[in-house]
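Trainee: I would like a close look at a single part of this chain, followed by an account of how that part sits within the whole. Please take your time over the reasoning.

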Amino acid sequence: MIMKTEKSAALFEKAKNYFPGGVNSPVRAFRSVGGNPLFIEKGKGSHIWDADGNEYIDYCCSWGPLILGHANNKVLDAVDKTMRKGTSFGAPTRLENELANLILSFNKYIQKIRFVSSGTEAVMSAIRLARGFTKRDKILKFEGCYHGHVDSLLVKAGSGLVTFGNSSSAGVPESFVNETVVVPLHNKEAVQEAFEKFKNEIACIIIEPVPANNGLLLQGREFLEFLREICSINKTLLIFDEVISGFRMCFCGAAGLYNIQPDIITYGKIIGGGFPVGAYGASKEIMNHVSPDGPVYQAGTLSGNPVAMSAGIAQLTECLAPNFYLDLEEKTKYLVNGINKVNPFKLFKLFHLGSIFWIAFTEKETINNANEIDANSMGYFKTLYHALLEKGVYLGPSGYEVGFISQAHSYEDFDKTIKAFEISLKKLV
Ligand SMILES: *Cc1c(COP(=O)(O)O)cnc(C)c1O
């Protein structure tokens, strides 16, 4: 049976007149899997429905924020109650205190926090803070980590081991990119070389401690501990960009999982309960450099928005329930093991950590570096993707994207998904 997609297709045609590529964020355009994007009408729990009425089990979960699933009643009730009192004041509210208190009392890695409106904004502010604090200009990032569309981080590696980045977007001045050093992930020598080359010049290292925006490129504790040490020796700040990993593997994210103390942590996605919220946090000493206490300017008209804060409070309160993360991990293992059983020719592997998983078409046992991903394998993903859609399974529309399990996913969902994989895989062989 071919599924109906006329309404989504018509909406996409209209959208192309309004937005570049018909979308407000590029990956939504389905370019890497081909075909038209689905226009989503509604979501409830682990399921979404598109404009043509097709129902899907959703493993994209808005790219991670919806750890309780869609339209969670507790989040909706909190949002409803708050918004009836007004949606924005541009003045402090009690709700900002509440969300901050909730986060800080369970997180020993940061002492003060500042709320912003997106992950990109959190990262941009954290970089400025690191530069302001250290009075140094250069920053070091890893090839294969995504940190939002911050100018100085839209860079890709050049040809050497340690290189100044090449801009990966038009509109980013060469002079910006010249302040960003790019090295491969999971490569101590490259990091050491960078510190030798740019002694006393590097303000910060920024890393996704669980790199999950270009496949799932697990780094492990040892490499992260090495970064901690080399940063301390060189008086360079270590930034954990936990926009995707924060509140995902455990309440304290990757810092908590590996028990490593970064200097600054950025958050986004889950923190806002499905609303646009980001945050950055650090020790009091570092955060006291932020305006109005200190010289590093950073502001936002809608920062700490009360409706978004109440959604964040409702969602994070649920995350603190006993066994919340254990249950998510158990569910993820069930799904991953189930899919592996119906994957007899080992066409791909599922890598996972906590409730994040990634389908990698590889024969390698581990992949912890961007250049180990076989770009040609994305053709398989494309075929698998559309076969799964027809069977009612929705993944993020790119083979470089990870999937997410939410509290709302059920074992029934998983059994259906495993079955869908089994049927779809026959198309691949
Ligand atoms: C999603 C993401 C960002 C960007 O957040 P936006 O809210 O999309 O601006 C930054 N860093 C990481 C690690 C992310 O996963």
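In which loop does Ala 71 lie?

Mentor: Ala 71 lies in the loop between β3 and α2, and before going into detail I should say that the model is a predicted one. The backbone at Ala 71 deserves attention, since this residue has a positive phi of about 50 degrees although it is not a glycine. Its surroundings leave Ala 71 partly exposed, with a relative accessible area of 27%. The loop holds another residue of this kind, for Cys 61, placed between β3 (55-58) and α2 (73-83), also has a positive phi of about 50 degrees without being a glycine. Cys 61, however, counts as buried, with a relative accessibility of 1%. The loop thus offers a buried residue, Cys 61, and a partly exposed one, Ala 71, each with a positive phi of about 50 degrees.

Another backbone feature to set beside these is a cis peptide bond, which runs from Ser 291 to Pro 292 and has an omega near 10 degrees. Pro 292 is placed in the loop between α9 (284-287) and α10 (306-319).

As Cys 61 has brought up cysteines, the question of disulfides follows naturally. A disulfide is a covalent bond between the sulfur atoms of two cysteines. With a pair of cysteine sulfur atoms required to lie within 2.5 Å, the count for this model comes to zero disulfides. Cys 252 shows the reasoning well: its closest cysteine sulfur is that of Cys 250, at 6.0 Å, and this is too far for a bond. Cys 319 is likewise in no disulfide, the nearest cysteine sulfur, again that of Cys 250, being 11 Å away. Both residues are covered by the rest of the protein to the extent that they count as buried, Cys 252 at 12% relative accessibility and Cys 319 at 2%.

To place these details in a wider setting, consider the chain as a whole, which has 13 helices and 17 strands. For 429 residues, a compact globule would be expected to have a radius of gyration near 22 Å, and the value of 21 Å for this chain agrees with that expectation. Along the principal axes, the C-alpha atoms fill a box of roughly 60 × 55 × 45 Å. Of the 429 residues, 56% count as buried, while the chain exposes about 19000 Å², with carbon and sulfur atoms supplying 53% of that area. Among contacts with a sequence separation of 6 or more, 71% are accounted for by residues 24 or more positions apart. The charged side chains number 44 positive and 44 negative, and the centres of these two sets lie 3 Å apart.

Three further residues show how individual positions fit into this setting. Phe 12, in helix α1 (residues 6-18), counts as buried at 5% relative accessibility. Apart from residues up to four places away in sequence, Phe 12 touches Gly 21, Gly 22, Val 23, Ala 29, Asn 36, Pro 37 and Phe 39. By contrast with those contacts, Phe 115 stands 103 residues along the chain from Phe 12, and their C-alpha atoms are separated by 34 Å.

Val 210, in the loop between β10 (202-207) and α7 (220-233), is buried with a relative accessible area of 0%. Once neighbours within four places in sequence are set aside, its contacts include Leu 216, Leu 218, Ile 244, Ser 245, Met 249, Ala 254, Tyr 258 and Leu 353. Gly 392, at 182 residues from Val 210 along the chain, has its C-alpha atom 29 Å from that of Val 210.

Leu 347 belongs to the loop between α11 (324-341) and β14 (349-353), and is partly exposed, with a relative accessible area of 24%. Leaving out its neighbours within four places in sequence, Leu 347 is in contact with Phe 361, Thr 362, Leu 425, Leu 428 and Val 429. Tyr 334 is 13 residues from Leu 347 in sequence, yet the two lie 19 Å apart in space, C-alpha to C-alpha.

To return to your request, Ala 71 in the loop between β3 and α2 is a partly exposed residue whose positive phi of about 50 degrees occurs although it is not a glycine.

Technical notes. Residues numbered from 1 in each chain as written. Predicted model: local features only at pLDDT ≥ 70, side-chain atom pairs only at ≥ 80, totals over all residues. Heavy atoms only, no water. Buried < 20%, exposed > 50% of the residue type's maximum accessible area, 1.4 Å probe, protein only. Helix = DSSP H or I, 4+ residues; strand = E, 2+ residues; numbered from the N terminus. Rg over C-alpha atoms; globule rule 2.2 N^0.38 Å. Contact = heavy atoms within 4.5 Å. Areas by Shrake-Rupley, 256 points an atom, 1.4 Å probe, with all protein chains shown as cover. Lys, Arg positive; Asp, Glu negative; His and termini not counted. Charge placed at Lys NZ, Arg CZ, Asp CG, Glu CD.
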